[in-house]
Amino acid sequence: MRLIAALLVVAALAVPAAARADGDPASDWLLTQATFVPQDDGVPTAYAQQLQAVVADAKARGYVIRVALIGTEYDMGSVYSRWRQPQPYARFLGQELYFVYKKRLLVVMPNGLAVTNGGKVDPTEQAVVDRIPPPVANHAALASAATNAVIKLAANAGIVLTTPTLGKTTSGTSENQDRVVIAAVALVVAALLVAGGFLRKRRKAAVR
């Protein structure tokens with residue numbers, strides 16, 4: 001974990017602020033992670049881990065999906081105008097991720113859920129999440145609704161998932177997540193080094 005923390009610090013220092021020009025936190029986070037759970041929303045750790053576990057289990061069984069929990073308008077950065085509009089925001093976010101991630105995306109807001117595939121609405125899958133009551137109670141309910149939605153969406157595709165026990169995660173899931181984080185950070189740093197070298201060559205050419 002210390003190694004991961006150190007790598008994340010290096011990446012944070014290396015990536016310029018301009019890289020987040022659209023100001024949409026979920027679109028940045030979901031480029032490399034399967035779930036976006038804002039730290040300031042007060043989602044209990046056990047519920048966040050339960051969601052991460054069911055998403056990982058779904059992927060292992062062939063059902064790939066990424067999930068964004070949006071508990072407040074502040075979670076949306078500069079695109080806050082789509083607050084409490086889960087379907088328009090899901091389409092927007094799916095299109096933001098499209099060049100890196102082209103599969104299913106689930107957005108959960110207090111007033112409803114939305115799912116897209118490749119940035120486009122899938123009426124069949126949307127009908128599945130439309131039957132889930134809006135998680136208006138609290139932020140734990142937000143995460144629970146997302147976990148329930150992943151299970152029901154997978155079932156609709158013929159894949160049976162069980163609800164992970166709250167507070168219990170597998171070491172395999174944690175190790176896989178660590179590997180993903182390390183690989184993603186390494187790719188970011190490598191890309192920055194390549195870009196830096198390219199810019200230096202252009203500057204030298206301009207001087208000549």
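**Exercise 1. Pairing within the sheet**

State how many bridges join β3 to β4, and in which sense the two strands run.

Solution. Six bridges join β3 to β4, and the two strands run antiparallel. Two strands are taken to pair if DSSP finds at least two bridges between them, and the elements themselves are DSSP runs, numbered from the N terminus, with helices (H or I) of at least four residues and strands (E) of at least two. The model is a predicted one, in which local features need pLDDT of at least 70, side-chain atom pairs count only at pLDDT 80 or more, and totals for chains, interfaces and linings use all residues. Residues are numbered from 1 along each chain as its sequence is written, while side-chain values use heavy atoms, with hydrogens and water left out.

The next step is to place individual residues: V107 of β3 has A114 as its bridge partner in β4, and the connection between β3 and β4 is a hairpin with two residues. On the β2 side, β3 pairs with β2 in the parallel sense over five bridges, and V107 is again involved, being the bridge partner of A68.

The last step is β4 (residues 112–117), which is joined to β5 by two bridges and runs antiparallel to it. N117 stands opposite K120 in β5, and the hairpin of β4 and β5 has two residues between the strands, with G118 in the turn showing a positive phi of about 65°.

**Exercise 2. The whole sheet and its helix**

Give the strand order of the sheet, name its edge strands, and say which helix packs on it.

Solution. The sheet is open, has five strands in the order β1-β2-β3-β4-β5, and shows mixed pairing. Its edge strands are β1 (35–36) and β5 (120–121), each of which pairs on one side only. Helix α5 (residues 123–130) packs on this sheet and touches β3 (104–109), β4 and β5, where contact means heavy atoms within 4.5 Å. The direction of α5 makes about 160° with that of β4; for such angles, axes are lines fitted to C-alpha atoms, for helices over the stretch in contact, and the values run from 0 to 180 degrees between N-to-C directions.

**Exercise 3. Burial of the strands**

Decide whether β3 and β4 are enclosed or open, and where T35 of β1 stands.

Solution. The classes come first: buried means under 20% relative accessible area, exposed over 50%, and partly exposed in between (1.4 Å probe, protein chains only). Six of the six residues of β3 are buried, so this strand is largely enclosed by the rest of the structure. R104, L106 and V108 point one way from β3, whereas L105, V107 and M109 point the other way. For β4, five of the six residues are buried, so it too is largely enclosed by the rest of the structure.

T35 lies in strand β1 and counts as buried because its relative accessibility is 7%. Leaving aside neighbours within four places in sequence, T35 is in contact with W29, L30, L51, Q52, V55 and V67. For the protein chain of 208 residues, 39% count as buried.

**Exercise 4. Loops and surface**

Which residues make the nonpolar surface patch, and how are R84, Q85 and V100 classed by accessibility?

Solution. The patch is made by L31, Y98, F99 and V100 and covers about 430 Å². Patches are made of residues with over 30% relative accessible area and no salt bridge, like charges being joined within 9 Å and nonpolar side chains (Val, Leu, Ile, Met, Phe, Trp, Tyr) within 5 Å; a salt bridge is a side-chain nitrogen of Lys or Arg within 4 Å of a carboxyl oxygen of Asp or Glu. Areas come from the Shrake-Rupley method with a 1.4 Å probe, and for residues only the protein chains shown count as cover. V100 sits in the loop between α4 (86–97) and β3, and it counts as exposed because its relative accessibility is 55%.

R84 is found in the loop between β2 and α4, where its phi is near 65°, a positive value in a residue other than glycine; R84 is partly exposed, with a relative accessible area of 42%. Q85 is found in the loop between β2 (65–69) and α4 and is partly exposed as well, at 35%. The C-alpha atom of Q85 is separated by 8.2 Å from that of N111, although the two residues are 26 residues apart along the chain.
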